[in-house]
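The following exercises invite the reader to examine a protein model step by step. Each task is followed by a worked solution.

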Amino acid sequence: MARYKVFETDTLWPDLEIEREILTEAGAEVILSTCHTPRAICVEGRDCDAVIVNQNPMTRENLAILEKCKILVRLGVGVNEVDVDAATDQGIIVCNVPDYCQSETADHTMALVLGISRKMHILCSQTKNGGWDSSVASNVPRNYGKIFAILGCGNTGRMVAERAQAFGMRVIAHDPYIPDSIFKSNDIKKYDSVEELLSVADFVSLHLHLTPNTREIINAKTLACMKPTAYLINISRGALINEDDLYDALVNERIAGAGLDVLCMEPPVGINKLAALENVIVTPRAAWISEEALPELRTKSAQEIALFFKGQTPCYVVNNAVLS
């Protein structure tokens, strides 16, 4: 009989084979929720020792239902779905998987950069409808030599910098939490002012965690700093951008275009107004996708819980205060 119960609230895949293989060896059984509302899901898993969460919102009220839970792993990089403070108050360790899709995300960023600036979506749409006229893609810039600005220069941001440099772009960045030595060793020029960075950039790529300080960091004021020829890329979190302000800037040609993998509301109700614009490419939170990324995510999530059950400290604890 299993010593522990691991409860998975929701998934994007049809089985739990990877998780069960790892956690059975650690003395646990793994159960997938059959419910469909956030509270009902938590009630179903109220006697679990650990929980794996995809998109189910783990509010203070929902966490309080999980009376026995000691560790929660979020299936992904961000933990916005989890009230981390509430989990800490309840003595629940919160973990994420911050490193499972960094190269995929960097690749997707550059795909959006090239796609929107080279107007690939316009050209492709035309040929699918029987056309053969390259002039529909007007005002295409030469990307070589352009200034590529990164907001958030962590591991993924630096991978994007490496790719942009390979295309002959000059990389600048803003990140108050990264030491100067990292900027220097990666040949990235550091800017202390967001507004100054935006004012010189030809491309602006967001690689930030969503916090109270970064929420809507792109707004009417910061968009006004950007060049009318500049492009905005976001593969991080939709709420980093005020979508109404971005829409206004795009419609009035105050910036040239945007490539977005995230939106404020996902999935959108109907067609998001940004997605309907010709100077915008929107993909459905697909930056993480690869054949290798999903098994890696599932494996690392299960391994965090297995380590805990074996009396060891998990690798990616978000709320270290709970350990003490």
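Helices, of at least four residues, and strands, of at least two, are DSSP runs numbered from the N terminus. The model under study is predicted.

**Exercise 1.** Determine where E253 is found and whether E253 is exposed or buried.

*Solution.* Step one: E253 is located in the loop between helix 11 and strand 11. Step two: its phi is positive, about 60°, although E253 is not a glycine. Step three: exposed means over 50% relative accessible area. E253 has a relative accessible area of 63%, so E253 is exposed.

**Exercise 2.** Carry out the analysis for R285, another residue with positive phi that is not glycine.

*Solution.* Step one: R285 belongs to the loop between strand 12 and helix 12 (293-309). Step two: the phi of R285 is near 45°. Step three: the partly exposed class lies between the limits of 20% and 50%. The relative accessibility of R285 is 26%, and therefore R285 counts as partly exposed.

**Exercise 3.** Identify which residues touch the most other members of the largest nonpolar core.

*Solution.* Step one: this core has 32 residues, and L232 and L246 touch the most other members. Step two: among the elements that each supply at least two residues of the core are helix 11 (243-251) and strand 11 (257-260). Step three: beyond its neighbours within four places in sequence, L246 has contacts that include L223, L232, I255 and L274.

**Exercise 4.** Locate P267 and describe the peptide bond that leads to it from E266.

*Solution.* Step one: P267 lies in the loop between strand 11 and strand 12 (280-282). Step two: the bond from E266 to P267 is cis, with omega near -10°.

Notes. Residues are numbered from 1 along each chain as its sequence is written. This is a predicted model: local features need pLDDT of at least 70, side-chain atom pairs count only at pLDDT 80 or more; totals for chains, interfaces and linings use all residues. Side-chain values use heavy atoms; hydrogens and water are left out. A nonpolar core is a set of buried Ala, Val, Leu, Ile, Met, Phe, Trp, Tyr and Cys residues joined through side-chain atoms within 4.5 Å. Buried means under 20% relative accessible area, exposed over 50%, partly exposed in between (1.4 Å probe, protein chains only). Contact means heavy atoms within 4.5 Å.
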